Amino acid sequence: MTACRVCGSHIAKASYEASAPALTSMMAFIDIPTLAYVCDDCGHAQGADLPDLETFYDTTYRISLESDDHDQIFAMAADGTPIYRTDHQAAIGLRLLDLPQGASILDYGAGKATTLRKMCTARPDLHPHVFDVSRDYMPAWDGWVTGEDQATYTVPEAWAGRFDAIISHFVIEHVVDPVSFLKTLRALLTPGGRALLSMPDVAANPGDMTVADHLNHFSRASLKRAFQLSGFALETIDGDAFPGAFFAIAIRSEEPVAIDRNGQEISVAAAKAKEICTFWKQATKRLDGAAKQFSGKRAAVYGSGFYGSWICSRIEADVDFRVFLDQNPKLQGSTHLNRPVLAPANLDDNVDVVFVGLNPLKARTAIAGQAVLNRPGLDLVWIDG
Ligand SMILES: [Zn+2]
(Lines give C-alpha, C1' and ligand atoms only; values in the text may rest on other atoms or scores of the structure.)
Protein backbone atom coordinates (compact mmCIF):
# COMPACT_ATOMS: atom_id res chain seq x y z
CA MET A 1 0.00 0.00 0.00
CA THR A 2 1.15 3.54 -0.68
CA ALA A 3 -0.25 7.09 -0.67
CA CYS A 4 -0.86 9.03 -3.89
CA ARG A 5 1.81 11.72 -4.28
CA VAL A 6 -0.81 14.16 -5.61
CA CYS A 7 -4.13 13.64 -3.78
CA GLY A 8 -3.00 11.51 -0.84
CA SER A 9 -5.48 8.66 -1.47
CA HIS A 10 -4.41 5.17 -0.52
CA ILE A 11 -3.38 2.95 -3.41
CA ALA A 12 -3.81 -0.67 -2.39
CA LYS A 13 -1.37 -2.40 -4.72
CA ALA A 14 1.14 -1.84 -7.51
CA SER A 15 -0.10 -2.19 -11.08
CA TYR A 16 3.39 -3.13 -12.29
CA GLU A 17 6.22 -4.79 -10.44
CA ALA A 18 9.54 -6.09 -11.75
CA SER A 19 12.55 -7.44 -9.89
CA ALA A 20 15.84 -5.49 -9.56
CA PRO A 21 17.70 -3.93 -11.23
CA ALA A 22 15.72 -0.80 -12.12
CA LEU A 23 16.81 1.56 -14.88
CA THR A 24 17.18 5.34 -14.39
CA SER A 25 16.63 8.16 -16.86
CA MET A 26 20.42 8.43 -17.16
CA MET A 27 20.46 4.78 -18.28
CA ALA A 28 22.16 3.53 -15.14
CA PHE A 29 21.00 0.38 -13.35
CA ILE A 30 20.23 0.54 -9.64
CA ASP A 31 19.61 -2.38 -7.35
CA ILE A 32 15.94 -1.85 -6.49
CA PRO A 33 12.74 -3.33 -7.95
CA THR A 34 10.62 -1.32 -10.40
CA LEU A 35 7.13 -0.46 -9.17
CA ALA A 36 4.25 1.51 -10.66
CA TYR A 37 1.09 2.51 -8.79
CA VAL A 38 -2.06 4.09 -10.25
CA CYS A 39 -4.45 6.34 -8.28
CA ASP A 40 -8.14 5.95 -9.12
CA ASP A 41 -9.04 9.17 -7.29
CA CYS A 42 -6.98 11.63 -9.37
CA GLY A 43 -5.56 9.65 -12.33
CA HIS A 44 -1.93 9.92 -11.19
CA ALA A 45 0.65 7.17 -11.65
CA GLN A 46 3.80 6.96 -9.58
CA GLY A 47 6.88 4.91 -8.73
CA ALA A 48 8.41 3.98 -5.39
CA ASP A 49 10.77 6.30 -3.49
CA LEU A 50 14.44 6.05 -4.43
CA PRO A 51 16.93 5.33 -1.67
CA ASP A 52 19.03 8.39 -0.79
CA LEU A 53 17.43 10.78 -3.26
CA GLU A 54 19.45 13.82 -2.23
CA THR A 55 22.80 12.22 -2.90
CA PHE A 56 21.47 10.88 -6.20
CA TYR A 57 20.74 14.36 -7.57
CA ASP A 58 23.72 16.04 -5.94
CA THR A 59 26.45 13.76 -7.19
CA THR A 60 25.06 11.09 -9.53
CA TYR A 61 22.56 12.84 -11.75
CA ARG A 62 24.54 14.95 -14.20
CA ILE A 63 22.44 15.72 -17.17
CA SER A 64 24.55 16.78 -20.14
CA LEU A 65 27.34 18.07 -17.95
CA GLU A 66 30.07 16.49 -20.04
CA SER A 67 28.98 17.75 -23.40
CA ASP A 68 26.75 20.45 -24.79
CA ASP A 69 24.61 18.27 -26.96
CA HIS A 70 25.04 14.65 -25.97
CA ASP A 71 21.65 12.94 -26.41
CA GLN A 72 19.90 16.29 -26.38
CA ILE A 73 18.59 16.06 -29.92
CA PHE A 74 14.86 15.61 -29.67
CA ALA A 75 13.91 15.62 -33.35
CA MET A 76 15.27 16.01 -36.84
CA ALA A 77 13.99 18.86 -38.99
CA ALA A 78 12.67 18.10 -42.46
CA ASP A 79 16.03 19.09 -43.98
CA GLY A 80 17.88 16.59 -41.75
CA THR A 81 19.38 19.06 -39.28
CA PRO A 82 18.99 18.15 -35.62
CA ILE A 83 16.68 20.16 -33.35
CA TYR A 84 18.05 20.54 -29.84
CA ARG A 85 15.82 20.14 -26.82
CA THR A 86 16.92 23.40 -25.19
CA ASP A 87 16.35 25.47 -28.38
CA HIS A 88 12.85 24.10 -28.57
CA GLN A 89 12.17 24.64 -24.85
CA ALA A 90 13.39 28.24 -25.09
CA ALA A 91 11.12 28.95 -28.05
CA ILE A 92 8.10 27.37 -26.33
CA GLY A 93 8.85 29.31 -23.14
CA LEU A 94 9.03 32.66 -24.91
CA ARG A 95 5.83 31.90 -26.80
CA LEU A 96 3.75 30.54 -23.91
CA LEU A 97 4.94 32.88 -21.14
CA ASP A 98 4.64 36.15 -23.09
CA LEU A 99 7.00 37.88 -20.63
CA PRO A 100 6.78 41.61 -19.80
CA GLN A 101 9.79 43.85 -20.49
CA GLY A 102 12.52 43.38 -17.85
CA ALA A 103 10.80 40.36 -16.28
CA SER A 104 12.53 38.59 -13.40
CA ILE A 105 12.70 34.90 -14.27
CA LEU A 106 13.92 31.87 -12.34
CA ASP A 107 14.99 28.50 -13.75
CA TYR A 108 14.15 26.09 -10.88
CA GLY A 109 16.08 22.82 -11.09
CA ALA A 110 18.09 24.52 -13.77
CA GLY A 111 20.90 22.08 -14.49
CA LYS A 112 23.17 24.05 -16.80
CA ALA A 113 20.22 26.41 -17.47
CA THR A 114 20.85 26.30 -21.21
CA THR A 115 17.16 26.90 -21.90
CA LEU A 116 17.09 30.08 -19.79
CA ARG A 117 20.34 31.25 -21.34
CA LYS A 118 18.84 30.91 -24.82
CA MET A 119 15.70 32.77 -23.71
CA CYS A 120 17.90 35.61 -22.43
CA THR A 121 19.86 35.70 -25.68
CA ALA A 122 16.58 36.22 -27.52
CA ARG A 123 15.34 38.64 -24.84
CA PRO A 124 18.33 40.51 -23.32
CA ASP A 125 15.92 42.53 -21.14
CA LEU A 126 15.12 39.47 -18.98
CA HIS A 127 16.70 39.21 -15.52
CA PRO A 128 17.81 35.56 -15.07
CA HIS A 129 18.07 33.59 -11.80
CA VAL A 130 19.00 29.93 -11.34
CA PHE A 131 18.51 27.30 -8.66
CA ASP A 132 19.54 23.65 -8.42
CA VAL A 133 20.22 21.03 -5.76
CA SER A 134 23.81 20.60 -6.88
CA ARG A 135 26.86 22.86 -7.19
CA ASP A 136 28.09 20.99 -10.26
CA TYR A 137 26.38 23.39 -12.65
CA MET A 138 27.79 26.65 -11.27
CA PRO A 139 30.57 26.94 -13.88
CA ALA A 140 27.87 26.86 -16.56
CA TRP A 141 26.04 29.78 -14.87
CA ASP A 142 29.03 32.05 -14.30
CA GLY A 143 29.40 34.89 -16.74
CA TRP A 144 25.73 35.42 -17.53
CA VAL A 145 23.95 35.01 -14.15
CA THR A 146 25.34 37.20 -11.36
CA GLY A 147 26.49 35.43 -8.19
CA GLU A 148 23.63 36.84 -6.12
CA ASP A 149 21.13 35.48 -8.64
CA GLN A 150 22.44 31.92 -8.30
CA ALA A 151 21.32 29.56 -5.53
CA THR A 152 22.16 25.95 -4.68
CA TYR A 153 20.55 23.51 -2.19
CA THR A 154 18.22 26.12 -0.62
CA VAL A 155 16.43 29.09 -2.11
CA PRO A 156 17.24 32.40 -0.34
CA GLU A 157 14.35 33.77 1.74
CA ALA A 158 14.73 37.08 -0.07
CA TRP A 159 13.52 35.41 -3.26
CA ALA A 160 9.96 34.97 -1.92
CA GLY A 161 7.41 36.73 -4.13
CA ARG A 162 10.14 38.01 -6.47
CA PHE A 163 9.59 36.38 -9.86
CA ASP A 164 7.36 37.27 -12.77
CA ALA A 165 7.97 33.80 -14.15
CA ILE A 166 9.51 30.48 -13.20
CA ILE A 167 10.52 27.80 -15.66
CA SER A 168 11.11 24.24 -14.49
CA HIS A 169 11.88 21.76 -17.24
CA PHE A 170 11.67 18.03 -16.56
CA VAL A 171 12.03 18.39 -12.79
CA ILE A 172 8.61 17.70 -11.22
CA GLU A 173 8.60 14.06 -12.38
CA HIS A 174 11.57 13.52 -10.03
CA VAL A 175 10.13 14.95 -6.81
CA VAL A 176 8.69 12.95 -3.91
CA ASP A 177 5.91 15.46 -3.15
CA PRO A 178 4.83 17.38 -6.27
CA VAL A 179 2.17 19.43 -4.43
CA SER A 180 4.65 20.86 -1.94
CA PHE A 181 7.07 21.40 -4.84
CA LEU A 182 4.42 23.50 -6.63
CA LYS A 183 3.63 25.39 -3.41
CA THR A 184 7.31 26.29 -3.20
CA LEU A 185 7.23 27.66 -6.74
CA ARG A 186 4.02 29.56 -6.01
CA ALA A 187 5.62 31.30 -3.01
CA LEU A 188 8.50 32.49 -5.20
CA LEU A 189 6.19 34.13 -7.76
CA THR A 190 4.72 37.62 -7.62
CA PRO A 191 0.90 37.62 -7.38
CA GLY A 192 -0.23 36.82 -10.93
CA GLY A 193 3.23 35.43 -11.83
CA ARG A 194 3.35 32.40 -14.06
CA ALA A 195 5.05 29.03 -13.91
CA LEU A 196 5.99 26.98 -16.96
CA LEU A 197 6.62 23.32 -16.23
CA SER A 198 7.47 20.49 -18.57
CA MET A 199 7.33 16.79 -17.78
CA PRO A 200 7.01 13.47 -19.59
CA ASP A 201 3.59 12.41 -20.87
CA VAL A 202 3.57 8.71 -20.07
CA ALA A 203 0.59 8.09 -22.34
CA ALA A 204 2.65 9.32 -25.32
CA ASN A 205 5.83 7.54 -24.25
CA PRO A 206 4.96 4.43 -22.20
CA GLY A 207 8.62 3.77 -21.33
CA ASP A 208 8.35 6.57 -18.79
CA MET A 209 6.24 4.32 -16.54
CA THR A 210 9.29 2.22 -15.59
CA VAL A 211 11.97 4.94 -15.26
CA ALA A 212 13.20 4.49 -11.69
CA ASP A 213 13.91 8.16 -10.92
CA HIS A 214 10.64 9.40 -12.42
CA LEU A 215 8.58 9.16 -9.26
CA ASN A 216 5.61 10.87 -10.95
CA HIS A 217 3.86 9.98 -14.21
CA PHE A 218 1.32 12.74 -14.72
CA SER A 219 -1.91 12.59 -16.65
CA ARG A 220 -3.72 15.80 -17.57
CA ALA A 221 -6.15 15.01 -14.74
CA SER A 222 -3.50 14.53 -12.06
CA LEU A 223 -1.51 17.55 -13.23
CA LYS A 224 -4.62 19.72 -12.99
CA ARG A 225 -5.26 18.41 -9.48
CA ALA A 226 -1.67 19.10 -8.41
CA PHE A 227 -1.91 22.73 -9.57
CA GLN A 228 -5.30 23.21 -7.90
CA LEU A 229 -4.06 21.79 -4.60
CA SER A 230 -1.09 24.19 -4.62
CA GLY A 231 -2.89 27.47 -5.32
CA PHE A 232 -2.39 27.82 -9.07
CA ALA A 233 -4.96 28.60 -11.72
CA LEU A 234 -4.13 26.41 -14.68
CA GLU A 235 -3.86 28.30 -17.95
CA THR A 236 -2.89 25.59 -20.42
CA ILE A 237 -1.53 22.07 -20.77
CA ASP A 238 0.09 21.70 -24.18
CA GLY A 239 0.65 18.08 -25.20
CA ASP A 240 1.65 18.80 -28.80
CA ALA A 241 4.53 21.29 -28.67
CA PHE A 242 7.07 18.71 -27.53
CA PRO A 243 6.69 15.04 -28.49
CA GLY A 244 6.14 12.82 -25.45
CA ALA A 245 5.83 15.69 -22.98
CA PHE A 246 3.39 18.12 -21.39
CA PHE A 247 4.16 21.84 -21.22
CA ALA A 248 1.91 23.46 -18.62
CA ILE A 249 1.41 27.12 -17.73
CA ALA A 250 -0.22 28.09 -14.45
CA ILE A 251 -0.75 31.42 -12.72
CA ARG A 252 -0.31 32.12 -9.03
CA SER A 253 -3.84 32.63 -7.75
CA GLU A 254 -4.67 34.89 -4.80
CA GLU A 255 -8.14 33.36 -4.53
CA PRO A 256 -8.75 29.83 -3.21
CA VAL A 257 -8.69 27.46 -6.19
CA ALA A 258 -11.65 25.10 -6.56
CA ILE A 259 -10.90 21.38 -6.92
CA ASP A 260 -12.49 20.18 -10.12
CA ARG A 261 -13.31 16.47 -9.86
CA ASN A 262 -14.01 15.43 -13.41
CA GLY A 263 -14.82 11.76 -12.80
CA GLN A 264 -14.79 10.86 -16.46
CA GLU A 265 -11.37 12.42 -17.14
CA ILE A 266 -9.91 10.80 -14.01
CA SER A 267 -11.19 7.30 -14.76
CA VAL A 268 -9.95 7.50 -18.35
CA ALA A 269 -6.51 8.59 -17.09
CA ALA A 270 -6.36 5.79 -14.50
CA ALA A 271 -7.45 3.20 -17.08
CA LYS A 272 -4.76 4.42 -19.51
CA ALA A 273 -2.06 4.17 -16.84
CA LYS A 274 -3.14 0.63 -15.95
CA GLU A 275 -3.12 -0.31 -19.63
CA ILE A 276 0.52 0.87 -19.83
CA CYS A 277 1.37 -1.24 -16.77
CA THR A 278 -0.19 -4.26 -18.47
CA PHE A 279 1.83 -3.48 -21.60
CA TRP A 280 5.04 -3.61 -19.55
CA LYS A 281 4.12 -6.90 -17.92
CA GLN A 282 3.58 -8.41 -21.37
CA ALA A 283 6.69 -6.78 -22.82
CA THR A 284 8.84 -8.23 -20.03
CA LYS A 285 7.42 -11.70 -20.67
CA ARG A 286 7.91 -11.31 -24.43
CA LEU A 287 11.54 -10.19 -24.10
CA ASP A 288 12.37 -13.00 -21.70
CA GLY A 289 10.83 -15.47 -24.17
CA ALA A 290 12.71 -13.95 -27.12
CA ALA A 291 16.00 -14.06 -25.18
CA LYS A 292 15.54 -17.84 -24.81
CA GLN A 293 14.35 -18.27 -28.40
CA PHE A 294 17.46 -16.48 -29.78
CA SER A 295 19.84 -17.89 -27.21
CA GLY A 296 23.42 -17.80 -28.55
CA LYS A 297 22.40 -15.89 -31.71
CA ARG A 298 24.24 -12.76 -32.86
CA ALA A 299 22.08 -9.81 -31.93
CA ALA A 300 21.92 -6.03 -32.17
CA VAL A 301 19.66 -3.64 -30.30
CA TYR A 302 18.17 -0.74 -32.24
CA GLY A 303 18.09 2.37 -30.05
CA SER A 304 20.60 3.16 -27.30
CA GLY A 305 18.13 5.12 -25.17
CA PHE A 306 15.88 3.92 -22.38
CA TYR A 307 14.10 1.13 -24.27
CA GLY A 308 17.33 -0.24 -25.77
CA SER A 309 19.07 -0.21 -22.38
CA TRP A 310 16.14 -2.03 -20.82
CA ILE A 311 16.24 -4.68 -23.58
CA CYS A 312 19.98 -5.11 -22.96
CA SER A 313 19.31 -5.95 -19.31
CA ARG A 314 16.73 -8.60 -20.30
CA ILE A 315 18.70 -10.37 -23.08
CA GLU A 316 22.43 -10.07 -22.44
CA ALA A 317 22.67 -13.27 -20.40
CA ASP A 318 21.27 -15.35 -23.28
CA VAL A 319 21.99 -13.84 -26.67
CA ASP A 320 25.31 -12.83 -28.25
CA PHE A 321 24.55 -9.13 -28.07
CA ARG A 322 27.27 -7.12 -29.85
CA VAL A 323 26.18 -3.64 -30.91
CA PHE A 324 23.64 -0.88 -30.48
CA LEU A 325 22.26 0.85 -33.55
CA ASP A 326 21.20 4.47 -33.28
CA GLN A 327 20.15 7.14 -35.76
CA ASN A 328 21.44 9.93 -33.54
CA PRO A 329 24.72 11.02 -35.16
CA LYS A 330 25.99 12.32 -31.81
CA LEU A 331 25.82 8.84 -30.32
CA GLN A 332 27.31 6.94 -33.26
CA GLY A 333 30.92 6.04 -32.54
CA SER A 334 30.41 6.07 -28.77
CA THR A 335 29.94 3.04 -26.52
CA HIS A 336 26.91 2.27 -24.39
CA LEU A 337 26.73 -0.51 -21.78
CA ASN A 338 30.10 -1.75 -23.10
CA ARG A 339 28.93 -2.05 -26.71
CA PRO A 340 29.71 0.17 -29.69
CA VAL A 341 26.91 2.37 -31.03
CA LEU A 342 26.72 2.25 -34.83
CA ALA A 343 24.66 3.92 -37.53
CA PRO A 344 21.90 1.46 -38.56
CA ALA A 345 23.33 1.32 -42.11
CA ASN A 346 26.53 -0.20 -40.67
CA LEU A 347 24.78 -3.31 -39.35
CA ASP A 348 26.91 -6.42 -40.00
CA ASP A 349 25.56 -9.04 -42.42
CA ASN A 350 26.17 -11.79 -39.89
CA VAL A 351 23.74 -10.42 -37.28
CA ASP A 352 20.78 -12.81 -36.86
CA VAL A 353 18.33 -10.73 -34.87
CA VAL A 354 17.64 -7.07 -34.09
CA PHE A 355 15.72 -6.15 -30.95
CA VAL A 356 13.87 -2.89 -31.54
CA GLY A 357 14.31 -0.59 -28.54
CA LEU A 358 12.17 2.42 -29.49
CA ASN A 359 8.96 3.98 -28.23
CA PRO A 360 6.47 1.28 -29.33
CA LEU A 361 4.09 3.99 -30.53
CA LYS A 362 6.68 5.04 -33.12
CA ALA A 363 8.88 1.98 -33.62
CA ARG A 364 7.30 0.43 -36.71
CA THR A 365 7.31 3.65 -38.69
CA ALA A 366 10.95 4.28 -37.76
CA ILE A 367 12.06 0.81 -38.90
CA ALA A 368 9.87 0.47 -42.00
CA GLY A 369 11.95 2.70 -44.27
CA GLN A 370 15.34 1.09 -43.53
CA ALA A 371 16.37 -1.56 -46.06
CA VAL A 372 19.19 -2.96 -43.92
CA LEU A 373 16.71 -3.89 -41.19
CA ASN A 374 14.24 -5.43 -43.56
CA ARG A 375 16.64 -7.82 -45.32
CA PRO A 376 15.60 -11.46 -45.71
CA GLY A 377 16.81 -13.74 -42.94
CA LEU A 378 17.05 -11.01 -40.31
CA ASP A 379 14.64 -11.47 -37.41
CA LEU A 380 13.14 -8.41 -35.71
CA VAL A 381 11.87 -8.55 -32.14
CA TRP A 382 9.37 -5.86 -31.07
CA ILE A 383 8.61 -5.18 -27.46
CA ASP A 384 4.91 -4.87 -28.25
CA GLY A 385 4.61 -8.22 -30.04
ZN1 LIG B 1 -4.35 10.57 -6.44
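**Helix 6 and its surroundings, the zinc site and local backbone features**

Helix 6 is followed by G231, a residue with a positive phi, near 85°. The structure described here is a predicted model. Helix 6 spans residues 220-229, and the loop between this helix and strand 16 (232-238) contains S230.

Helix 6 is mostly covered, as seven of its 10 residues are buried. These buried residues are A221, S222, L223, R225, A226, F227 and Q228. They pack against two helices, helix 5 (178-188) and helix 7, and against strand 14 (189-200), strand 16 and strand 17 (245-252).

The packing of helix 6 on helix 7 can be described further. Two packed helices are described by the angle between their axes and the distance between the axes. Helix 7 covers residues 263-293, and its axis and that of helix 6 come within 8 Å and cross at roughly 125°. Helix 6 is therefore oblique to helix 7. On the side of helix 6, the residues that meet helix 7 are R220, A221, K224 and R225. Their partners in helix 7 are E265, I266 and A269. Of the residues on the helix 6 side, A221 and R225 are listed among the buried residues of that helix.

S230, in the loop after helix 6, is buried, with a relative accessible area of 3%. Its side chain reaches back to the backbone oxygen of A226 at 2.6 Å, and A226 is itself one of the buried residues of helix 6. When neighbours within four places in sequence are left aside, the contacts of S230 are V179, L182, K183 and R186.

Two further positions in helix 7 were examined. K285 is placed in helix 7 and is exposed, with a relative accessible area of 71%. The C-alpha atoms of K285 and R314 are 9.8 Å apart in space, while the two residues are 29 residues apart in sequence. D288 is also found in helix 7, but this residue is partly exposed, at a relative accessible area of 29%. D288 and A22 are separated by 266 residues in sequence and by 16 Å in space, C-alpha to C-alpha.

The model includes a zinc ion, whose protein donors are the SG atoms of C4, C7, C39 and C42, lying 2.2 to 2.4 Å from the ion. The angles among the four donor atoms are 101 to 115°, and the site is tetrahedral. For comparison, the ideal angle for four tetrahedral donors is 109.5 degrees. The spacing of the donor residues in sequence is C-x2-C-x31-C-x2-C. C7 lies in the loop between strand 1 (2-3) and strand 2 (10-11), and C42 lies in the loop between strand 6 (34-38) and strand 7 (45-46), so this pair ties together parts that are 35 residues apart in sequence. The two residues have the following accessibilities: C7 is partly exposed, with a relative accessible area of 24%, whereas C42 is buried, at 1%.

Several backbone features were noted outside the helices. Most residues other than glycine have a negative phi, and most peptide bonds are trans. Against this background, the peptide bond that joins A20 and P21 is cis, with omega about 5°. P21 is located in the loop between strand 3 (16-18) and strand 4 (22-23). M27 is not a glycine, yet its phi is positive, about 60°. M27 is found in the loop between strand 4 and strand 5 (29-30) and is buried, with a relative accessible area of 18%. N338 likewise has a positive phi, about 65°, although it is not a glycine. This residue lies in the loop between strand 20 (335-336) and strand 21 (339-342). Unlike M27, which is buried, N338 is exposed, with a relative accessible area of 78%.

S134 is placed in the loop between strand 11 (127-132) and helix 4 (138-141). With a relative accessibility of 0%, S134 counts as buried. A polar atom of the S134 side chain lies 3.1 Å from the backbone nitrogen of D136. S134 and T152 are 18 residues apart in sequence, and their C-alpha atoms are 6.0 Å apart in space.

Notes: Residues numbered from 1 in each chain as written. Predicted model: local features only at pLDDT ≥ 70, side-chain atom pairs only at ≥ 80, totals over all residues. Heavy atoms only, no water. Donors = N, O, S within 2.8 Å, 3.2 Å for Na, K, Ca; no water. Tetrahedral: all angles 85-135°; square planar, octahedral: opposite > 155°, others 65-115°. Helix = DSSP H or I, 4+ residues; strand = E, 2+ residues; numbered from the N terminus. Buried < 20%, exposed > 50% of the residue type's maximum accessible area, 1.4 Å probe, protein only. Polar contact = N/O pair within 3.5 Å; in protein donor to acceptor, adjacent residues only side chain to side chain. Contact = heavy atoms within 4.5 Å. Axes fitted to C-alpha atoms, helices over the stretch in contact; angles between N-to-C directions. Parallel < 35°, antiparallel > 145°, perpendicular 65-115°, else oblique.
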